[in-house]
Amino acid sequence: MSERSVSRQTQEKRWYTVIAPEEFGREELGTTPADEPEQVLGRTIETTLGDLRNDAGENNTKLTFKIRDIGSDTAYTEFIRHELTRDYLRSLVRRGSSKVEAYVTVLTTDDYRVQIQPVALTTKKADASQEQAIREQMVEMIEEAAEERTFDDLIDSVVEGRLSSAIYNEAKTIYPLRRVEIQKTTLEAHPEEVAEEEETSVDVEE
C-alpha cells in the first residue's frame, strides 16, 4: 500500500474527543479515531487521577473508563475501574508489620454491583485474630457504605479517600494502623445485568 493510500485512509477516519463521566468533572481524556461511530463503543481509556486533576501527587491512582455513548464528535465514558499502582502499594509495606486485605462485592442503592478491595497496614505485626477482626471491620463498613450510596456516590467516596479514612478511624481501635487504602474498585455489573441475573436465578429455583 502506498504512503498516499495510507494517508488518505487516516484522513477519512473521524476523531472523537473522549470525555470523563460527570462525577469526574467531564474532563477531556484524549481523542480516538474510527471509521464508523460503532467502532468507538466499548473502547477503554486509562489515565491517572493526577492527569485528570493536573496534580502529580495523585499519579499513584489509575482510572479506567469505557466508552458507552457517542455524539457527533464526542465519546462519553463510564467509570469501570480504580486501582492503586503496584509501586505505591509496595512502598506502603514495612517489614515487621501486617498487611490485611479483603475482597468485598456489594450492590449500591441503584443496583450496580461493585467489587472493592481494601487493604490495611499495621504499625507492627498483628496476630491472626486481630487481622481477622480488622478484615471483618473493613468488610462491614464497605457493605454499609454501599447500602447507603448510589454507584456514583460510592465511587466518589473511594476516589476521594473518604471511605478508607472512615475505615481507618474505626479499625485502628482494634490494632494500631499506619494506613488504610482502597487498592482496587471494579464495576462488575450494571443494574440491567443484575436484574437479568436475578430473573435467571428465580427461574432456576422454580
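Colleague: Where is Asp87 found in this model?

Modeller: Asp87 sits in helix 3, which covers residues 86–92. Keep in mind that this is a predicted model.

Colleague: Is Asp87 buried or exposed?

Modeller: The general idea is a cut-off: a residue counts as exposed when its relative accessible area is over 50%. Asp87 has 56%, so it is exposed. As for its place relative to Leu29, the two are 58 residues apart in sequence, and their C-alpha atoms lie 24 Å apart in space.

Colleague: And Thr47, buried or exposed?

Modeller: Here the cut-off for buried applies, under 20%. Thr47 counts as buried because its relative accessibility is 14%. Thr47 belongs to strand 3, residues 44–48.

Colleague: Which residues does Thr47 touch, leaving out those up to four places away in sequence?

Modeller: Its contacts are Leu29, Leu52, Thr61, Lys62, Leu63 and Phe65.

Colleague: Now helix 4, please. How many residues does it have?

Modeller: Helix 4 has 21 residues, 128–148. From first C-alpha to last it reaches 31 Å, close to the 30 Å expected at 1.5 Å a residue.

Colleague: Which residues of helix 4 are buried?

Modeller: They are Glu131, Ile134, Gln137, Met138, Met141, Ile142, Ala145 and Ala146. Looking down the axis of helix 4, these buried residues fall within an arc of 160 degrees, so they line one face of the helix. On the other side, Ala128, Ser129, Glu147 and Glu148 are exposed.

Colleague: What covers the buried residues of helix 4?

Modeller: The cover includes strand 6 (99–101), strand 7 (104–107), strand 8 (113–122) and strand 9 (177–189). Helix 5 (151–159) and helix 6 (162–171) are also among the covering elements.

Conventions:
Residues numbered from 1 in each chain as written. Predicted model: local features only at pLDDT ≥ 70, side-chain atom pairs only at ≥ 80, totals over all residues. Heavy atoms only, no water. Helix = DSSP H or I, 4+ residues; strand = E, 2+ residues; numbered from the N terminus. Buried < 20%, exposed > 50% of the residue type's maximum accessible area, 1.4 Å probe, protein only. Contact = heavy atoms within 4.5 Å. Expected span 1.5 Å × (residues − 1). Arc of directions from axis to C-beta.
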